[in-house]
Each structure stands twice: as structure tokens, then as C-alpha cells.
Amino acid sequence: MPADLLREVWGFDGFRPGQQEIVEAVAAGRDVLAIMPTGGGKSLCYQLPALMREGVTVVISPLIALMRDQVRSLREAGVAAGALTSGNTEAETDAVFAGLREGALKILYMAPERLASGATVPMLRRAGVTAIAVDEAHCVSQWGHDFRPDYLRVGELRQALGVPLAAFTATADAETRDEIVARLFGGAAPQVFLRGFDRPNIHLAFQPKDGPRRQIMDFAAARRGQSGIVYCATRAKTETLEAALNAAGIPALAYHGGMEAEARRAAETRFQREDGLVVAATVAFGMGIDKPDIRWVAHADLPKSIEAYYQEIGRAGRDGAPAETLTLYGPEDIRLRRSQIDEGLAPADRKEADHARLNALLGLAEASRCRRQVLLGYFGEDAAPCGNCDICDSPPEVWDATQPVRMALSAVLRTGESFGQGHIIDVLTGTATDKVTARGHDHLPTFGVGREIAKPQWQAILRQMLGRDLIRPDPERHGGLRITAAAHPVLRGEETVTLRRDLVTRARQNPEVRAQVSEEDAPLLSALKAKRRALAEAQRVPAYVIFPDRTLIEMAERRPATLDEMARVGGVGAKKLESYGAAFLEVIAGEAPEPMHPARRALAGRGAGALYDRLEAAARDLARGVDGTEKPLSLSAGVLRRIAIDRPADLGRYLDAARMDRFGAAFAAEIAAESAAGD
């Protein structure tokens, strides 16, 4: 049954890896915690079970924009869904309550803030809620930047209704998982699904900052016409980058938490609906964005942790098509992120954990082997070299840097662990600045020991030492570098250090951008996108609600000529075939297809459809008997449809005596032939 619903409603012939087990567990009424990669199809894992069970599934979701998009997409697929949000009009809210009273609604989206109302639980009881789903469940974690206090009430709702709960998140760390179990499931262990975190369609790349504005502009310009996000560390940078992109003829808008709520909503709506738009944003942008065709994500500044990096790049390529990323980083980024941790109000053990997360990201940035191996290794997964990251594209040159690293560690120690990178490099290179001589550091044994290494190379060495967490800025000493426990084995000669050669290289000016389809199919894909855009604008919905890019790409490549062939295209479910099949076939074939009876259209793309056609032909041929002289007899489309689906051995259950006598033998022969072909 799950597979039938998947084909009929969503238009897919198979589940993505890991989905089916979760769907079956949720449908069976078990408590579930599913940690799935961003873009891994977690919404389906609670939407499909909602159609398999009696009653209503209530979905707790954090953002209005996300809920509205989900409801629109479900309704387009023929699913009775609604949302109760503060953004509803009075008429929309009335329609949702009417649907609940009449028992017509299957999925109800709700913001966690509504749980604060005492009227909510009685309302959900009356509505017949039989399951709860929690999207973005990491919002329950008080240490996360997405924390929503009202998520803490979800556990109480579960107890009050006495129904199973399924929680979904893309946040992977064990600390957050434990907090979800404690707060949503009352500590009782749910069935946990930890799905693979690989997103093989996303190309990973890092570069040290070297004219970062130009690096970002080059990257965006090479992808002109593709939707993308540039994450920035400050609100001011989002606005200056927006201006630069627009000035270069790349449509862009800014988004940050300091904007008025109405301006943020307008930006979200425009990004969802407009192709080829770039958003320069802080991390305030993203959690509620479910746009599947974001083709690239760039970081103008280093993210705060490896989990944040994973979530943010995961907003690209949710449709499974190729997507690209670029992350820029430099010493100032590292200092900023370190100081944000050290100056925060978290307890010491939390700060230590946050430093470890940042260290993991820096290790990824400075990696000398496949980035995907390093990234997945952090999440506890083994992987072969991916062939889809900048290191696999062009393996870096590495060198034994143990001796220079020891020199730098010695200089840090001998200067009292109180000075920054510039001063340490001056000591190592024998540069007698006023600051060096005033403190007598020109008389240290380490003064000038590294003069054979140029200052830019020392900067790269120290940056990689920061990334390896061999040295760390100390906020109590105004950012002076101090050595860490990890450096002691190196100083004692027990460990060697292999570093990359200086990575300060310019971004590729014109990196190759993968075409979505072959040159031959490109004009048809453009025409299909134009039809989609016209339909979306007429209905005031995002284009991907009509069809995602990957469905249009499959249409352009396969060029279906009939409704049956169109129904076999991934993403074309029964309701979308009814709504849009003829319009898109007209674009492909140049003319509208022959009208199809609704009973037959419901079988489009299935073996039962071909059997229906043969039964209909037999009924037409025998309407006046074998010799064409008998009283005319006909059959309804509904009866033909049931026979085509059931393939009964006893046709007498479907046909009266006269029709059994007229059509029985011919129908039995067609059914036997179909069954033999199926075997």
C-alpha cells in the first residue's frame, strides 16, 4: 500500500534510500526519531503514513512560509491538508476548522506557539488526531540557534493526546538527539533511524580568502540564471553584497534578522517564486526554505560549526540534481568564531564542545584528502573518495611541516603565549619591529629561525595550525596565541605534521557549470519551464509546486507523447496528471492529447490501463453481438476500470447474465493474456 500511494499521489515509482523503513514504522504507530540529511525527503515520511491511517495527523512546524508551501504542494497532489497559522486569513482558518469538523482533513500543520493556548488540546481531541509529527525537531534544543521555547510543549501534547509521535531533523550530533528524546519522548526510547548523511550531488569546495568580494562575485557570475544563496557573517555584508550583485546584473536580494517581518516574508516569497535569484543572507535565512532547485550555496565567511555548514550547504540540490558550494575562510573568521564561543554565556563544557565543532570544520577546510570523506567521517560514516569535491578534482600538494610547526610553537611559548599571529611571524622571520625590540624578543633563540620561509607561507602554516587546533587565540590575553594539549606530542617529537602548500589561489574565473540537459533537449526544457512559470504565476504559487525541475528534465529527455507515458514520468501523480498533463503534453507534442475518461486516466501509466483499453475495444466490437445484429449492450467506464484492476477469475461478480453472455469469453481471454504477459 505505501508504494501504491507513493505512485498515485506523488508520482514516484520508488522510495529514496531509507524512506520506506521510516514510513512503515510511522504508519505502524511507533514513536520514531528520524535523523535524515537535508533534502533527504523527510516530509514524505510523515505525509504518506497520514494517508494510511484513520484520523488526522498534526504536524508541528516552525515557520509559516514552510507550512504554507507544504500545504500548497499537498493540495496540488490531491491531499486534504490545511494549516493554522497567524498568517491565515479569517476565511482560511474557517475552512480549516470546517474540514476538521467534517472529518475531511488528513494533515493539519500548526506552529508550536499555538500549543500555548489552552483551547488547542481539546480542539485536537475533537478533530480526531491520531498521530503527531514534529518537523525540525532540533528546535527543542536550548543550545541551538534555532531554539523555539514552545517546542518544549510538544512532549506535553503527546502525553495529553496519547498518540504516537514521529520527530524529524537533519541535525546529527548526539547531544541534540539526546535532548530531543528527553524533551519530546519523555526519555522513553523511540525507534531511531539515523540515515546516511551523504549528499553525493553536492560539489564541496573551500578557498582561503584572497579578495573575498571578487571570489564570491566570480562564483555567482559563472552561475548566472541559477538560484543561489550567499551566507554572510554580518547583516551589513548581506546588503553590500546584494548591491554588488545587482550592479553586476545578477538579480539579488538581502535577508537578515534586522529586517522588518513583512520585508523578510516578501523576500522569502520572491525567492520561492523567482528563477535565478540570489539571496545574500545571514543564517536567519534557510530553515523555512523548501525550494528544491537551489543550484549553489556560497559562504562569504566561515560558518560557526561543521553542523551549521552541513545544514546550510544542504539547502542546495534538494531535487537531487547537481549543485555546487564554495566556502571562504581566513584568519579573521577563525578569530571571530573563537571569540563568539569564548565570550558567550555557555558553561565551560559547552564552550569546549563548541570549540570541538569549530575545529572539525577547520579540519575540513584545511583537509588534504577527499572532503566528503572528512565530512562523513565526522558523522561516523566511512566513504571512498567521492570524485565530487575540489580536492578530488585537483589533489593538493602536501609537505612535512613538522619542523616549521615546532618553530612556531616554540615562538608562541617563548613570547609568553600573549601575542597574535603577526608578532609571532615577525619573531620567526627575524623582523625587528619596535614591538619586537621593545619586549626583547629579538634576543630569543627563536628570533629569525624561520627567515628562510616567506611571511605569506608562515601565514598559511599558522592558519593550518589554528585549523588543527595546535594553537588557539586566548580571549583573556586579547587574542594572544596559546598552545593546546594537541601540540605537546609535536613539541616532544612524538608526532609529525603534514600540511598543505599555501592555498591562497584565485577562485576559478569561469568554472564549468553543468548543464541540466543535453544541448538537444535544452530548447524543450526552456519551453516546459515557461509553461510552468505561466501556470505558477496564474495560481500565485512557487513554480516547483507545479513540478520540480527534475520532473521537467525527465519530460524533456523522455518526451512522452501520451497521458500514459506522461504518468510514468517521476513526480507526475494522478492529481497532477489530471491538472497539468494535457498542458505539458501540448508543449512537447505541439498539440493537445485526445481527451481521456477520468476512470481511464486514473489507470494511466499502469498495466491496468492497457488492459482497460483492450476490454473497452472488445466491448465496442461486441456491442451488437458477434454478427452485429443483436440488441446493443454497453458497459460503464467504472465497471471496466474495476475489472481491469481486479482481473477477476469470476466475471459474474461484475457482469449481469446478458453481459456475461455477450462479453464474458472475450474479457476472460484478455485477462488471461494480460496475466501471462505479467508473469
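Let me begin at Val134, whose bridge partner in strand S6 is Ala167. That bridge belongs to the pairing of strand S5, residues 129-134, with strand S6, residues 165-169, and in this predicted model the two run in the parallel sense over three bridges. As a general reminder, the strands of a sheet pair through backbone hydrogen bonds, either parallel or antiparallel.

If we now step back to the sheet around this pair, we find seven strands forming an open sheet, in the order S3-S4-S2-S5-S6-S1-S7, with parallel pairing. The edges are taken by strand S3, at 81-84, and strand S7, at 191-194, each of which pairs on one side only. From one strand to the next, the twist averages 20°.

Staying with S5 for a moment, I would like to point out Glu136, which is found in the loop between S5 and helix H7, the helix at 154-161. Its phi is near 55°, which is a positive value in a residue other than glycine. Is Glu136 buried or exposed? With a relative accessibility of 9%, against a cut-off of under 20% for burial, Glu136 counts as buried. A second glutamate with a positive phi is Glu417, where the angle is near 50° and the residue is again other than glycine; Glu417 sits in the loop between helix H17, residues 402-414, and helix H18, residues 421-428.

Let me return to the sheet and to what lies on it. Helix H3 lies across strand S2 (56-60), strand S4 (107-110), S5 and S6, and with respect to S4 it runs at about 140°. Helix H3, which spans residues 44-52, also packs with helix H2, residues 19-27, at an angle of about 45° and with the two axes 9 Å apart. Angles between 35 and 65 degrees fall outside the roughly parallel and roughly perpendicular classes, and H2 and H3 are therefore oblique to each other. As for handedness, H2 passes H3 in a right-handed crossing.

Which residues make this contact? On the H2 side they are Gln19, Ile22, Val23, Val26 and Ala27, and on the H3 side Leu44, Cys45, Leu48, Pro49 and Met52. Sorted by character, the residues of the contact of H2 with H3 comprise nine nonpolar and one polar, with no charged residue.

The last element I want to show is strand S14, residues 323-329, which is mostly covered, seven of its seven residues being buried. Ala323, Thr325, Thr327 and Tyr329 point one way from the strand, whereas Glu324, Leu326 and Leu328 point the other way, and all are buried.

How do other strands pair with S14? Strand S8, residues 202-203, is joined to S14 by two bridges, and these strands run parallel; here Ile202 stands opposite Ala323. Strand S9, residues 206-208, pairs with S14 in the parallel sense over three bridges, with Thr327 of S14 serving as the bridge partner of Phe206. Strand S13, residues 296-299, likewise pairs with S14 in the parallel sense, over four bridges, and here Trp296 has Glu324 of S14 as its bridge partner. Taking these together with the burial, Ala323, Thr327 and Glu324, which I have just named as bridge partners or as standing opposite, are among the buried residues of S14.

Notes:
Residues numbered from 1 in each chain as written. Predicted model: local features only at pLDDT ≥ 70, side-chain atom pairs only at ≥ 80, totals over all residues. Heavy atoms only, no water. Axes fitted to C-alpha atoms, helices over the stretch in contact; angles between N-to-C directions. Parallel < 35°, antiparallel > 145°, perpendicular 65-115°, else oblique. Left-handed = near helix turned anticlockwise from the far one by under 90°. Contact = heavy atoms within 4.5 Å. Nonpolar A, V, L, I, M, F, W, Y, C, P; charged D, E, K, R; others polar. Pairing = 2+ DSSP bridges. Buried < 20%, exposed > 50% of the residue type's maximum accessible area, 1.4 Å probe, protein only.
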